Number of protein chains: 2
Amino acid sequence: MSELTSVSQAEALIAEHMPSFGSERVPLDVATGRVLRQSVRAEHDHPPFDRVMMDGIATRWSEAMPRRLHIAGAQMAGMRRQALPAGDACLEVTTGAMLPEGCDCVIPIEQLQRDGEDYVLSVDCQPLAGQFIHRRASDCAEGTLLLSSGMRLGPAEMALLAANGVANVEVAVMPSVAIVSTGDELVNVDEPLGEGQIRRSNDTAVRSALQLDGLARVAMEHIVDDEAATRDRIADLLDRHDVLLLSGGVSMGQRDYVPAALAAQGVQKVFHRIAQKPGKPMWFGIGPRGQVVFALPGNPVSALVCATRYARPALLMAQGMLAPAREYVVLDAEVDIHPMLVSFMPARVQTDAQGRLMAYPVPSKTSGDFSSLPRTQGFVQLPPGKGKAPAGSVAAFYRW
Amino acid sequence: MSELTSVSQAEALIAEHMPSFGSERVPLDVATGRVLRQSVRAEHDHPPFDRVMMDGIATRWSEAMPRRLHIAGAQMAGMRRQALPAGDACLEVTTGAMLPEGCDCVIPIEQLQRDGEDYVLSVDCQPLAGQFIHRRASDCAEGTLLLSSGMRLGPAEMALLAANGVANVEVAVMPSVAIVSTGDELVNVDEPLGEGQIRRSNDTAVRSALQLDGLARVAMEHIVDDEAATRDRIADLLDRHDVLLLSGGVSMGQRDYVPAALAAQGVQKVFHRIAQKPGKPMWFGIGPRGQVVFALPGNPVSALVCATRYARPALLMAQGMLAPAREYVVLDAEVDIHPMLVSFMPARVQTDAQGRLMAYPVPSKTSGDFSSLPRTQGFVQLPPGKGKAPAGSVAAFYRW
C-alpha cells in the first residue's frame with residue numbers, strides 16, 4: 001500500500017496545485033452563489049436618517065403634551081425633511097419617512113382619531129419620548145465592514161450589496177470545466193443500447209453536482225477509443241478549459257489512450273491512487289498552463305464520491321471561498337471499515353429530537369450500485385481500522 | 001392578540017390555497033434542482049450483462065487450471081460477446097467488457113506476464129472462480145423502481161435518469177414569480193441617493209433566495225406611490241405571473257394603494273398578521289385565477305424570515321416536492337422569547353465534536369438591522385413563553 005496517497009495528502013496536493021481563476025465584476029442579478037472578491041463597507045449610516053417606524057403622526061413630546069394636535073402637513077416616505085411648526089401641531093407621517101425637524105415622538109394611526117384638521121389621541125394612548133423612531137446609524141455607521149472577500153453570496157449578502165449601492169460586484173471568475181468520458185461501451189442517454197453497451201451517466205451526475213455549486217461553464221465531451229481522436233480531443237480540451245474532469249479514470253488497459261494523450265500535452269501526474277474505498281484509482285495532474293486534470297474512477301459511486309470529496313471543494317476554494325465548517329454526524333448503525341483504507345459510506349442524515357445529526361448508512365449492494373444513492377444526502381468518512389465503526393461513533397460527513 | 005394567525009395555521013392556510021403549476025418535459029442539462037413528476041424504473045438489468053471489472057484476461061476456472069494460457073482474442077468494452085475457444089485459452093478483456101461466453105474468471109493484468117502469444121500467471125496468483133465479475137442484475141433488476149415523483153433532482157438522481165435512458169424528464173413547471181416593491185423612498189442600487197431615501201434591497205434578497213431554490217422565472221418590479229399606477233401595474237402583474245411577492249408589505253397607511261389595487265383585481269385576503277416576531281405584518285391572499293400573493297413585511301430581516309419560513313417552502317411544495325425532514329438544533333446560549341408570539345432568531349449553526357447541531361444566536365441590534373445576517377445560516381423558531389429559552393434547549397431551524 002506504500003504507493004497510495006492518503007486522503008489528507010491528496011487534499012493538500014490538490015489545494016497546492018489549484019490555480020486562481022481571477023475575478024470579474026458582475027451585476028447583482030447573476031451574483032447569487034458566486035464567491036465575493038471584495039470587501040463591502042456601509043455606504044452611509046443605516047438608517048441614513050432618523051426614520052419613522054409607523055404610519056401615523058410625528059410631534060414633539062413633553063410630559064404634559066396636548067391630546068389634540070393640528071395637522072400642519074405631511075412627511076411621506078421619500079420626501080425631503082419637513083419641519084414641525086410651533087404650537088400644538090403634528091405632521092402626518094408614513095413608515096420609512098424622515099422624522100421631521102422638531103419631532104421626537106411618533107404616534108401610530110391606530111391610537112388616533114381624526115377630527116377635521118386635527119388628530120385626537122385615544123384615551124389609552126400614553127406616548128413616550130422617542131417612540132417608533134429608528135435612529136440614524138442605529139443599525140450600523142457609515143464605513144462599517146459588512147462583507148469580506150471569500151464569502152459566498154446568498155440572500156443576506158445580496159441584500160447588503162443592494163442596500164449599499166454595489167450594483168456590480170467583484171466575484172471570482174468561475175473556471176471553465178470540461179467533463180470528459182471515454183470508452184466505446186458508453187452510449188448517450190438518447191441512443192439505442194447495443195449488446196455490451198451501457199449508458200453514460202457519470203458525466204451527467206458530475207455536471208449536476210457542479211451546477212449545484214453554481215458552475216455555469218461546464219461542457220460535456222465523449223471520446224471514443226481511438227488513439228488519434230483521443231490525442232486531438234484532449235489537446236483541444238486542454239486549450240479551451242481550465243479544468244478537465246475525466247469521468248472514466250485512467251487505467252492500465254491497453255486501449256486507454258488518455259494517459260499518453262495527457263503526457264503528450266505536458267500534463268504532469270501529481271498523484272495516482274488514494275488510500276480510500278471506494279475511489280482508490282483517482283488520478284490528479286497539472287498541465288503546463290496550470291490546467292487541472294481530475295481523473296475520477298469509472299464506477300458511478302466512486303466518481304460521485306471523488307467529485308464531492310475532492311473536485312467540488314477544490315473548485316470553490318480556488319475561487320477564494322472561505323472553507324466551511326466540517327460537518328460531523330453520529331452513526332446510527334455500525335459500519336464495516338477497511339483495515340488500511342479510509343471508507344466512504346453513503347448515508348441519509350437527519351437531526352433527531354436531541355439536535356444530533358444522525359447518519360443512517362445506506363450500503364451499496366455492489367461497488368457499481370448507485371440505485372440507492374437517491375435516499376442519501378452524502379457520505380460519512382471513516383478512518384481505517386479493525387472490524388467496524390460502532391453505532392454512536394462520530395464521523396465527518398460530506399454532502400452531495 | 002386574538003386576530004393574529006398562528007404560525008402553524010398560516011402554514012396550513014398557505015398549503016391549502018397553493019395551486020399546482022403543472023408539469024413539463026425538460027432535457028437533462030437543465031433538470032438539476034427541479035422536482036421530479038414521474039416515476040423511473042430500471043430500463044434493463046444493471047449491469048445488463050456479466051461485466052468484467054478489471055483489465056486483464058478472462059478464462060475458464062478450474063481447481064487445476066493451467067498457469068499458461070494462449071491468447072485467443074480480445075473482448076473489449078463495448079464489443080459484442082465473444083466466446084472462449086476450448087483448450088488452455090484466454091481472451092484479453094478490458095474493464096466494462098462483457099464476460100465472454102465460457103468464462104467464469106477474470107485475472108488482472110498486474111498478475112500476468114506476457115510471453116509471446118501467451119499469458120503466464122504470476123507465482124502468487126491464486127485465481128478464484130467468479131472473481132472480478134460484476135454479475136448481470138446484481139445492482140438491480142429491470143423494472144426496479146428507482147425514482148418517484150416528488151424527489152428533487154440532484155447528482156445521484158440525475159445519474160439514474162441518464163443510466164436508464166430518460167433523456168427528457170417530467171418535472172414540475174416552475175411558477176412565474178414577480179417580486180414587487182413599492183414606495184417613493186426606495187431607490188435602485190445604481191441610482192444616486194437623495195435626502196429621505198434608501199436603496200431597495202428586500203427584492204434583491206428575495207430574488208436571491210428564489211434563485212437558490214432553482215426558480216428561474218423571477219421578475220422584479222418597483223411601483224411608485226401613485227394610485228393609478230399601482231392599480232395598473234398590479235393588474236398587469238396578476239395577469240402575467242402565478243405568484244406576487246410584495247416586498248414592502250400591506251399597511252394601513254393612507255399612501256398605500258396596494259390593498260385597494262389587489263381588491264380591485266379580486267384578490268381575497270386569506271390572513272393578515274401572524275403571531276410571530278419579527279414578521280407580524282405578513283399578509284397572504286389568493287386571486288381569482290389562483291394567483292398567490294404574499295405580502296412580506298418591509299423590514300429586511302422580517303422580509304427574509306417570512307420568505308424563508310413561508311414563501312419558499314410553499315413554492316417547492318406546490319411543485320409536488322416531498323417535505324424534507326425538519327432540522328433541530330441545540331441552542332448554545334439562552335435566547336429572549338416573547339410571551340405571546342413565536343420568536344425567530346437568526347443563528348449560526350455548526351456541528352460540534354459530538355455530532356450535535358449547535359445554534360449560536362446572532363441577535364440584531366434593531367428590528368431593521370440586517371448587517372449581522374451574513375454570519376448566520378438561518379434562524380431558530382422558538383415557541384412563546386415566559387423569560388428565556390435556556391442554553392441547551394432544542395429548537396427547529398430554518399435555513400436561508
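This passage describes a predicted model of two chains, from their symmetry to a sheet and a helix. Local features require pLDDT of at least 70, side-chain atom pairs count only at pLDDT 80 or more, and totals for chains, interfaces and linings use all residues. Residues are numbered from 1 along each chain as its sequence is written, chains are lettered from A in the order in which they are written, and side-chain values use heavy atoms, leaving out hydrogens and water.

A turn of 180° with a shift of 0.0 Å along the axis lays chain B on chain A with an RMSD of 0.1 Å (least squares on C-alpha atoms of residues with pLDDT of at least 70 in both). The two copies are thus related as by a two-fold rotation axis. Arg356(B) is the residue of chain B that comes closest to this axis, its C-alpha lying at 2.1 Å. Because 100% of the interface residues of chain B are also interface residues in chain A, the copies meet through the same surface.

Turning to chain B, an open sheet of six strands follows the order β7-β4-β6-β5-β9-β8 with mixed pairing (strands being DSSP E runs of at least two residues, paired by at least two bridges). β7(B) and β8(B) stand at the edges with a single partner strand each, so one side of each lacks a neighbour in the sheet. Strand β4(B) runs antiparallel to β7(B), joined by four bridges, and Ile57(B) stands opposite Ile107(B) in β7(B).

In chain A, helix α4 spans residues 227–240 (helices being DSSP H or I runs of at least four residues). Thr230(A), Ile234(A), Ala235(A), Leu237(A) and Leu238(A) are buried in α4(A) (under 20% relative accessible area, 1.4 Å probe, protein chains only).

Note on methods
Contact = heavy atoms within 4.5 Å. Expected span 1.5 Å × (residues − 1). Buried < 20%, exposed > 50% of the residue type's maximum accessible area, 1.4 Å probe, protein only.
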